[in-house]
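Reader: Hi! I'm new to reading structures, and I'd love a close look at a single part of this one.

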Amino acid sequence: MSEPTTPAVSPEALDWAQRLVRLNTISDRSNKALVDTIADHLRTLGVPLRLTRDEAGAKANLFATLGAGKPGGVILSGHTDTVPWAGQAWSVDPLGAELREGRVYGRGSADMKAFIGLCVAHAQAFLEADLPFAVHFAFSYDEEVGGFGARHLIADLKDAGLAPTHCIVGEPTGMVPALAHKGVHRWCCRVKGRAAHSSQTPKAVNAIENAARLIAQLADMAEAFRRDGPFREGFEAPFTTAAVGVIEGGIADNVIPEDCRFHYEFRDVPGVDVDQLQTEVVARARALEPAMHAVDPGTGFGFETLCSMPSFSASAGDPAVELVQRLLSTTQTTLVGFGTEAGLFQRAGIPTVVCGPGFIDQAHQADEYVSLAQLAACEAMLQALRRRPPG
Ligand SMILES: [Zn+2]
(Lines give C-alpha, C1' and ligand atoms only; values in the text may rest on other atoms or scores of the structure.)
Protein backbone atom coordinates (compact mmCIF):
# COMPACT_ATOMS: atom_id res chain seq x y z
CA MET A 1 0.00 0.00 0.00
CA SER A 2 1.34 3.38 -0.90
CA GLU A 3 0.74 6.26 1.46
CA PRO A 4 -1.28 9.25 0.35
CA THR A 5 0.95 11.77 -1.38
CA THR A 6 -0.96 15.00 -0.66
CA PRO A 7 0.11 17.65 0.09
CA ALA A 8 2.81 17.12 -2.47
CA VAL A 9 6.49 17.64 -1.77
CA SER A 10 7.96 20.31 -4.02
CA PRO A 11 9.92 19.09 -7.07
CA GLU A 12 13.03 20.96 -5.93
CA ALA A 13 12.99 19.38 -2.47
CA LEU A 14 12.45 15.93 -3.93
CA ASP A 15 15.27 16.50 -6.40
CA TRP A 16 17.68 17.49 -3.59
CA ALA A 17 16.71 14.47 -1.51
CA GLN A 18 17.34 12.16 -4.47
CA ARG A 19 20.59 13.87 -5.42
CA LEU A 20 22.04 13.31 -1.94
CA VAL A 21 20.95 9.66 -1.77
CA ARG A 22 22.84 9.04 -5.03
CA LEU A 23 26.15 10.09 -3.41
CA ASN A 24 27.75 7.21 -1.53
CA THR A 25 28.64 8.43 1.98
CA ILE A 26 29.03 5.22 3.97
CA SER A 27 30.83 6.24 7.16
CA ASP A 28 34.19 4.70 6.18
CA ARG A 29 34.34 6.83 3.00
CA SER A 30 34.88 10.50 2.33
CA ASN A 31 31.72 12.64 2.33
CA LYS A 32 33.47 15.25 0.18
CA ALA A 33 31.24 14.89 -2.89
CA LEU A 34 28.12 15.49 -0.82
CA VAL A 35 29.58 18.39 1.15
CA ASP A 36 30.88 19.99 -2.05
CA THR A 37 27.50 19.63 -3.74
CA ILE A 38 25.74 21.42 -0.89
CA ALA A 39 28.52 23.95 -0.35
CA ASP A 40 28.58 24.93 -4.04
CA HIS A 41 24.85 25.57 -3.98
CA LEU A 42 24.96 27.59 -0.77
CA ARG A 43 27.90 29.64 -2.03
CA THR A 44 25.91 30.66 -5.11
CA LEU A 45 23.35 32.04 -2.63
CA GLY A 46 26.08 33.94 -0.77
CA VAL A 47 25.69 31.87 2.41
CA PRO A 48 28.78 31.89 4.67
CA LEU A 49 30.05 28.40 5.47
CA ARG A 50 32.22 26.90 8.16
CA LEU A 51 33.83 23.60 7.17
CA THR A 52 35.53 21.54 9.86
CA ARG A 53 37.48 18.52 8.68
CA ASP A 54 38.49 15.27 10.30
CA GLU A 55 42.17 14.63 11.02
CA ALA A 56 42.81 12.90 7.70
CA GLY A 57 41.04 15.70 5.83
CA ALA A 58 38.78 13.19 4.08
CA LYS A 59 35.53 14.17 5.77
CA ALA A 60 33.99 17.49 6.65
CA ASN A 61 31.19 19.01 8.68
CA LEU A 62 29.32 21.77 6.93
CA PHE A 63 27.89 24.57 9.05
CA ALA A 64 26.02 27.27 7.15
CA THR A 65 24.38 30.38 8.54
CA LEU A 66 21.45 31.86 6.66
CA GLY A 67 21.09 35.35 8.04
CA ALA A 68 24.63 35.86 9.31
CA GLY A 69 24.87 38.46 12.04
CA LYS A 70 21.31 37.90 13.22
CA PRO A 71 20.95 36.77 16.81
CA GLY A 72 20.49 33.25 18.08
CA GLY A 73 18.93 31.07 15.51
CA VAL A 74 17.55 27.66 14.81
CA ILE A 75 19.92 24.84 13.91
CA LEU A 76 18.66 22.27 11.45
CA SER A 77 20.94 19.31 12.12
CA GLY A 78 21.60 16.21 10.08
CA HIS A 79 24.39 13.68 9.59
CA THR A 80 25.75 13.10 6.10
CA ASP A 81 27.04 9.56 6.58
CA THR A 82 25.13 6.31 6.23
CA VAL A 83 25.54 2.72 7.33
CA PRO A 84 26.66 0.20 4.65
CA TRP A 85 24.40 -2.23 2.80
CA ALA A 86 26.76 -5.16 2.12
CA GLY A 87 25.06 -8.48 2.79
CA GLN A 88 21.56 -7.03 2.70
CA ALA A 89 19.01 -8.22 0.16
CA TRP A 90 18.05 -5.04 -1.69
CA SER A 91 15.49 -5.20 -4.51
CA VAL A 92 16.48 -1.69 -5.70
CA ASP A 93 19.81 0.07 -6.18
CA PRO A 94 20.83 1.49 -2.75
CA LEU A 95 22.26 4.51 -4.58
CA GLY A 96 19.42 4.79 -7.11
CA ALA A 97 17.03 7.07 -5.18
CA GLU A 98 14.31 5.35 -7.16
CA LEU A 99 10.82 6.83 -6.88
CA ARG A 100 8.19 4.14 -6.63
CA GLU A 101 4.67 4.05 -5.18
CA GLY A 102 5.06 7.33 -3.36
CA ARG A 103 8.42 6.49 -1.82
CA VAL A 104 12.05 7.41 -2.43
CA TYR A 105 14.20 4.29 -2.01
CA GLY A 106 17.88 4.23 -1.13
CA ARG A 107 20.45 4.04 1.63
CA GLY A 108 20.17 7.16 3.71
CA SER A 109 16.77 8.15 2.32
CA ALA A 110 15.17 8.04 5.78
CA ASP A 111 18.39 8.24 7.80
CA MET A 112 18.79 11.08 6.97
CA LYS A 113 19.59 12.57 3.59
CA ALA A 114 16.04 13.51 2.70
CA PHE A 115 15.93 15.87 5.68
CA ILE A 116 19.22 17.45 4.64
CA GLY A 117 18.03 17.71 1.04
CA LEU A 118 14.84 19.47 2.10
CA CYS A 119 16.78 21.97 4.21
CA VAL A 120 19.09 22.77 1.29
CA ALA A 121 16.16 23.08 -1.10
CA HIS A 122 14.65 25.71 1.20
CA ALA A 123 17.82 27.74 1.67
CA GLN A 124 16.87 30.41 -0.84
CA ALA A 125 13.38 30.75 0.62
CA PHE A 126 14.85 31.17 4.13
CA LEU A 127 17.10 33.95 2.83
CA GLU A 128 14.25 35.68 1.03
CA ALA A 129 12.03 35.48 4.12
CA ASP A 130 14.53 37.77 5.88
CA LEU A 131 13.69 36.34 9.30
CA PRO A 132 14.59 38.18 12.51
CA PHE A 133 16.75 35.22 13.52
CA ALA A 134 19.39 33.10 11.79
CA VAL A 135 18.78 29.62 10.43
CA HIS A 136 21.82 27.36 10.63
CA PHE A 137 22.46 24.12 8.79
CA ALA A 138 24.69 21.72 10.75
CA PHE A 139 25.55 18.72 8.58
CA SER A 140 28.02 16.38 10.25
CA TYR A 141 30.24 13.42 9.38
CA ASP A 142 30.69 10.16 11.31
CA GLU A 143 27.41 10.11 13.23
CA GLU A 144 26.83 6.43 12.54
CA VAL A 145 30.21 5.49 13.98
CA GLY A 146 30.09 7.52 17.19
CA GLY A 147 29.14 11.16 16.68
CA PHE A 148 32.72 12.31 16.17
CA GLY A 149 31.88 14.91 13.53
CA ALA A 150 29.20 16.66 15.58
CA ARG A 151 31.57 17.03 18.55
CA HIS A 152 34.00 18.78 16.28
CA LEU A 153 31.27 20.95 14.76
CA ILE A 154 29.92 22.01 18.16
CA ALA A 155 33.41 22.90 19.41
CA ASP A 156 33.84 25.07 16.31
CA LEU A 157 30.55 26.88 17.03
CA LYS A 158 31.78 27.77 20.48
CA ASP A 159 35.08 29.03 19.05
CA ALA A 160 33.13 31.18 16.59
CA GLY A 161 31.02 32.63 19.42
CA LEU A 162 27.77 31.41 17.87
CA ALA A 163 24.92 30.80 20.30
CA PRO A 164 21.92 29.26 18.55
CA THR A 165 18.77 29.12 20.65
CA HIS A 166 17.10 26.01 19.22
CA CYS A 167 18.20 22.81 17.48
CA ILE A 168 16.06 20.43 15.45
CA VAL A 169 17.78 17.11 14.74
CA GLY A 170 16.01 15.69 11.69
CA GLU A 171 16.43 11.98 12.43
CA PRO A 172 13.46 9.88 11.35
CA THR A 173 10.71 10.17 13.98
CA GLY A 174 7.78 10.12 11.57
CA MET A 175 7.64 13.92 12.06
CA VAL A 176 6.62 13.54 15.72
CA PRO A 177 8.78 15.56 18.16
CA ALA A 178 10.94 13.17 20.19
CA LEU A 179 11.75 14.23 23.76
CA ALA A 180 14.33 11.66 24.74
CA HIS A 181 16.57 8.83 23.71
CA LYS A 182 19.12 6.61 25.38
CA GLY A 183 22.85 7.08 25.14
CA VAL A 184 25.10 4.63 23.29
CA HIS A 185 28.56 4.04 24.77
CA ARG A 186 30.80 1.34 23.40
CA TRP A 187 34.29 0.12 24.23
CA CYS A 188 36.81 -2.38 22.91
CA CYS A 189 38.53 -4.36 25.65
CA ARG A 190 41.82 -6.07 24.79
CA VAL A 191 43.13 -8.72 27.12
CA LYS A 192 46.82 -9.53 26.88
CA GLY A 193 47.70 -12.95 28.26
CA ARG A 194 50.72 -15.20 28.01
CA ALA A 195 50.74 -18.10 25.57
CA ALA A 196 51.91 -21.62 26.40
CA HIS A 197 51.23 -25.20 25.36
CA SER A 198 47.82 -26.00 26.78
CA SER A 199 49.39 -28.72 28.96
CA GLN A 200 51.40 -25.99 30.75
CA THR A 201 48.67 -23.82 32.22
CA PRO A 202 50.68 -22.66 35.26
CA LYS A 203 53.13 -20.91 32.92
CA ALA A 204 50.35 -19.19 31.02
CA VAL A 205 47.83 -16.39 31.42
CA ASN A 206 44.64 -17.28 29.58
CA ALA A 207 43.37 -14.16 27.81
CA ILE A 208 39.99 -15.67 26.96
CA GLU A 209 39.29 -16.83 30.52
CA ASN A 210 40.16 -13.43 31.94
CA ALA A 211 37.98 -11.77 29.32
CA ALA A 212 35.18 -14.11 30.34
CA ARG A 213 35.45 -13.00 33.96
CA LEU A 214 34.95 -9.41 32.93
CA ILE A 215 32.13 -10.33 30.56
CA ALA A 216 30.39 -12.09 33.43
CA GLN A 217 30.58 -8.83 35.36
CA LEU A 218 28.92 -7.01 32.45
CA ALA A 219 26.16 -9.61 32.37
CA ASP A 220 25.64 -9.15 36.12
CA MET A 221 25.43 -5.39 35.68
CA ALA A 222 22.85 -5.82 32.90
CA GLU A 223 20.76 -8.07 35.14
CA ALA A 224 20.90 -5.53 37.96
CA PHE A 225 19.75 -2.68 35.67
CA ARG A 226 16.85 -4.78 34.53
CA ARG A 227 15.88 -5.72 38.08
CA ASP A 228 16.61 -2.51 39.99
CA GLY A 229 16.51 0.26 37.38
CA PRO A 230 16.69 3.23 37.19
CA PHE A 231 13.64 3.01 34.94
CA ARG A 232 12.33 5.42 32.33
CA GLU A 233 8.93 4.41 31.05
CA GLY A 234 8.30 4.89 27.34
CA PHE A 235 11.38 3.06 26.09
CA GLU A 236 10.98 -0.45 24.69
CA ALA A 237 13.51 -1.58 27.33
CA PRO A 238 12.78 1.00 30.08
CA PHE A 239 16.18 0.53 31.79
CA THR A 240 19.88 0.73 30.88
CA THR A 241 21.05 -2.25 28.84
CA ALA A 242 24.53 -3.74 28.62
CA ALA A 243 25.68 -6.15 25.94
CA VAL A 244 28.77 -7.77 24.47
CA GLY A 245 28.61 -7.66 20.67
CA VAL A 246 31.91 -9.02 19.38
CA ILE A 247 34.53 -11.41 20.76
CA GLU A 248 37.67 -12.82 19.21
CA GLY A 249 40.52 -14.83 20.68
CA GLY A 250 42.63 -17.96 20.53
CA ILE A 251 44.55 -19.62 17.72
CA ALA A 252 44.38 -23.39 18.40
CA ASP A 253 42.80 -25.92 20.76
CA ASN A 254 46.16 -26.75 22.35
CA VAL A 255 47.50 -23.23 22.82
CA ILE A 256 46.59 -21.09 25.83
CA PRO A 257 45.39 -17.89 24.14
CA GLU A 258 47.61 -14.85 24.43
CA ASP A 259 45.05 -12.40 23.08
CA CYS A 260 41.36 -11.78 23.40
CA ARG A 261 39.32 -8.78 22.30
CA PHE A 262 35.69 -8.03 22.90
CA HIS A 263 33.36 -5.09 22.34
CA TYR A 264 30.64 -4.11 24.79
CA GLU A 265 28.15 -1.31 25.13
CA PHE A 266 25.85 0.44 27.54
CA ARG A 267 22.62 2.02 26.31
CA ASP A 268 21.82 4.25 29.22
CA VAL A 269 18.51 5.82 30.14
CA PRO A 270 18.79 9.60 30.68
CA GLY A 271 20.19 10.43 34.11
CA VAL A 272 22.57 7.47 34.39
CA ASP A 273 26.27 8.26 34.91
CA VAL A 274 27.94 6.11 32.27
CA ASP A 275 31.44 7.12 33.38
CA GLN A 276 30.62 5.51 36.71
CA LEU A 277 29.55 2.29 34.97
CA GLN A 278 32.79 2.18 33.03
CA THR A 279 34.73 2.87 36.23
CA GLU A 280 33.13 -0.26 37.73
CA VAL A 281 34.17 -2.33 34.71
CA VAL A 282 37.74 -1.07 34.84
CA ALA A 283 37.89 -1.66 38.60
CA ARG A 284 36.93 -5.29 38.07
CA ALA A 285 39.65 -5.62 35.41
CA ARG A 286 42.24 -4.10 37.76
CA ALA A 287 41.19 -6.57 40.45
CA LEU A 288 41.93 -9.45 38.09
CA GLU A 289 45.35 -8.18 37.10
CA PRO A 290 47.48 -9.05 40.17
CA ALA A 291 46.98 -12.77 39.53
CA MET A 292 47.86 -12.26 35.86
CA HIS A 293 50.93 -10.18 36.73
CA ALA A 294 52.17 -12.87 39.10
CA VAL A 295 52.81 -14.99 35.99
CA ASP A 296 53.81 -12.21 33.60
CA PRO A 297 53.81 -8.46 34.38
CA GLY A 298 53.26 -7.76 30.67
CA THR A 299 49.69 -9.08 30.81
CA GLY A 300 46.52 -7.16 31.56
CA PHE A 301 43.46 -5.32 30.28
CA GLY A 302 43.30 -2.34 27.94
CA PHE A 303 40.26 -0.25 27.01
CA GLU A 304 39.52 1.89 23.98
CA THR A 305 36.39 3.99 23.50
CA LEU A 306 34.62 3.13 20.25
CA CYS A 307 31.52 5.24 20.53
CA SER A 308 30.17 7.77 22.96
CA MET A 309 26.79 9.26 22.16
CA PRO A 310 25.21 10.80 25.24
CA SER A 311 21.56 10.27 26.10
CA PHE A 312 19.07 13.02 25.42
CA SER A 313 16.13 14.18 27.48
CA ALA A 314 14.10 17.35 27.08
CA SER A 315 11.16 18.41 29.20
CA ALA A 316 7.77 19.02 27.62
CA GLY A 317 8.18 22.79 28.08
CA ASP A 318 11.59 22.90 26.42
CA PRO A 319 11.84 25.79 23.89
CA ALA A 320 12.90 23.51 21.03
CA VAL A 321 10.07 21.07 21.72
CA GLU A 322 7.57 23.93 21.92
CA LEU A 323 8.91 25.40 18.68
CA VAL A 324 8.44 22.19 16.73
CA GLN A 325 5.04 21.55 18.27
CA ARG A 326 3.98 25.04 17.14
CA LEU A 327 5.41 24.52 13.66
CA LEU A 328 3.60 21.21 13.31
CA SER A 329 0.44 22.35 15.15
CA THR A 330 0.63 19.31 17.39
CA THR A 331 0.85 18.52 21.08
CA GLN A 332 2.10 15.00 20.37
CA THR A 333 5.53 13.85 21.52
CA THR A 334 7.39 10.54 21.49
CA LEU A 335 10.54 8.82 22.77
CA VAL A 336 12.91 7.07 20.40
CA GLY A 337 15.09 4.04 20.99
CA PHE A 338 18.03 5.06 18.81
CA GLY A 339 20.92 7.41 19.55
CA THR A 340 21.31 10.78 17.81
CA GLU A 341 23.44 13.90 18.03
CA ALA A 342 20.72 15.59 20.12
CA GLY A 343 22.49 14.83 23.41
CA LEU A 344 25.64 16.54 22.14
CA PHE A 345 23.79 19.74 21.19
CA GLN A 346 21.87 19.69 24.46
CA ARG A 347 25.07 19.32 26.50
CA ALA A 348 26.40 22.35 24.61
CA GLY A 349 23.52 24.31 26.15
CA ILE A 350 21.29 24.41 23.07
CA PRO A 351 17.62 23.41 23.59
CA THR A 352 17.13 20.48 21.23
CA VAL A 353 14.43 18.24 19.85
CA VAL A 354 14.55 15.29 17.45
CA CYS A 355 12.01 15.47 14.62
CA GLY A 356 12.38 14.40 11.03
CA PRO A 357 10.80 12.56 8.10
CA GLY A 358 10.63 8.80 7.75
CA PHE A 359 10.69 6.00 10.26
CA ILE A 360 13.53 4.26 12.06
CA ASP A 361 12.03 0.88 11.11
CA GLN A 362 13.22 1.53 7.55
CA ALA A 363 16.64 2.92 8.54
CA HIS A 364 19.66 0.61 8.30
CA GLN A 365 17.43 -1.97 6.51
CA ALA A 366 17.37 -3.32 2.96
CA ASP A 367 15.12 -1.23 0.70
CA GLU A 368 15.30 1.78 3.01
CA TYR A 369 12.79 4.39 1.94
CA VAL A 370 11.08 7.60 2.94
CA SER A 371 7.56 8.37 1.79
CA LEU A 372 6.65 11.49 -0.14
CA ALA A 373 3.97 12.13 2.49
CA GLN A 374 6.69 12.33 5.16
CA LEU A 375 8.75 14.63 2.95
CA ALA A 376 5.73 16.87 2.45
CA ALA A 377 5.13 16.99 6.21
CA CYS A 378 8.75 17.96 6.80
CA GLU A 379 8.57 20.59 4.08
CA ALA A 380 5.48 22.04 5.77
CA MET A 381 7.49 22.33 9.01
CA LEU A 382 10.27 24.23 7.20
CA GLN A 383 7.68 26.51 5.56
CA ALA A 384 6.12 27.18 8.96
CA LEU A 385 9.54 28.08 10.35
CA ARG A 386 9.80 30.76 7.65
CA ARG A 387 6.51 32.26 8.73
CA ARG A 388 6.88 32.17 12.52
CA PRO A 389 9.54 33.44 14.87
CA PRO A 390 11.07 30.80 17.14
CA GLY A 391 9.84 32.65 20.28
ZN1 LIG B 1 20.69 8.73 11.67
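Which angles do the 4 donor atoms of the zinc ion make, and what is the site called, tetrahedral or irregular?

Author: Happy to walk you through it! Keep in mind that this is a predicted model. The angles among the 4 donor atoms run from 54 to 140 degrees, and the site is irregular. To count as tetrahedral, four donors would need all angles between 85 and 135 degrees.

Now let's meet the donors themselves. His79 offers its NE2 atom, Asp111 an OD atom, and Glu171 appears twice, each time through an OE atom. These protein donors lie 1.8 to 2.6 Å from the zinc ion. If you trace the donor residues along the sequence, you will find the spacing H-x31-D-x59-E. Aspartate 111 sits in helix α3 (residues 109-121), while glutamate 171 belongs to the loop between β7 (166-169) and β8 (178-181), so this pair ties together parts that are 60 residues apart in sequence.

Next, are these two acidic side chains buried or exposed? Aspartate 111 has a relative accessible area of 4%, so it is buried. Glutamate 171 is buried as well, with a value of 3%.

Before you leave the model, look at one more element. There is an open sheet of 4 strands, ordered β11-β13-β9-β14 with antiparallel pairing. Its edge strands are β11 (241-249) and β14 (300-309), each of which pairs on one side only. From one strand to the next, the twist averages 15 degrees. Helix α7 (residues 274-295) packs on this sheet, touching β9 (184-192), β13 and β14.

Methods. Residues numbered from 1 in each chain as written. Predicted model: local features only at pLDDT ≥ 70, side-chain atom pairs only at ≥ 80, totals over all residues. Heavy atoms only, no water. Pairing = 2+ DSSP bridges. Helix = DSSP H or I, 4+ residues; strand = E, 2+ residues; numbered from the N terminus. Axes fitted to C-alpha atoms, helices over the stretch in contact; angles between N-to-C directions. Contact = heavy atoms within 4.5 Å. Donors = N, O, S within 2.8 Å, 3.2 Å for Na, K, Ca; no water. Tetrahedral: all angles 85-135°; square planar, octahedral: opposite > 155°, others 65-115°. Buried < 20%, exposed > 50% of the residue type's maximum accessible area, 1.4 Å probe, protein only.
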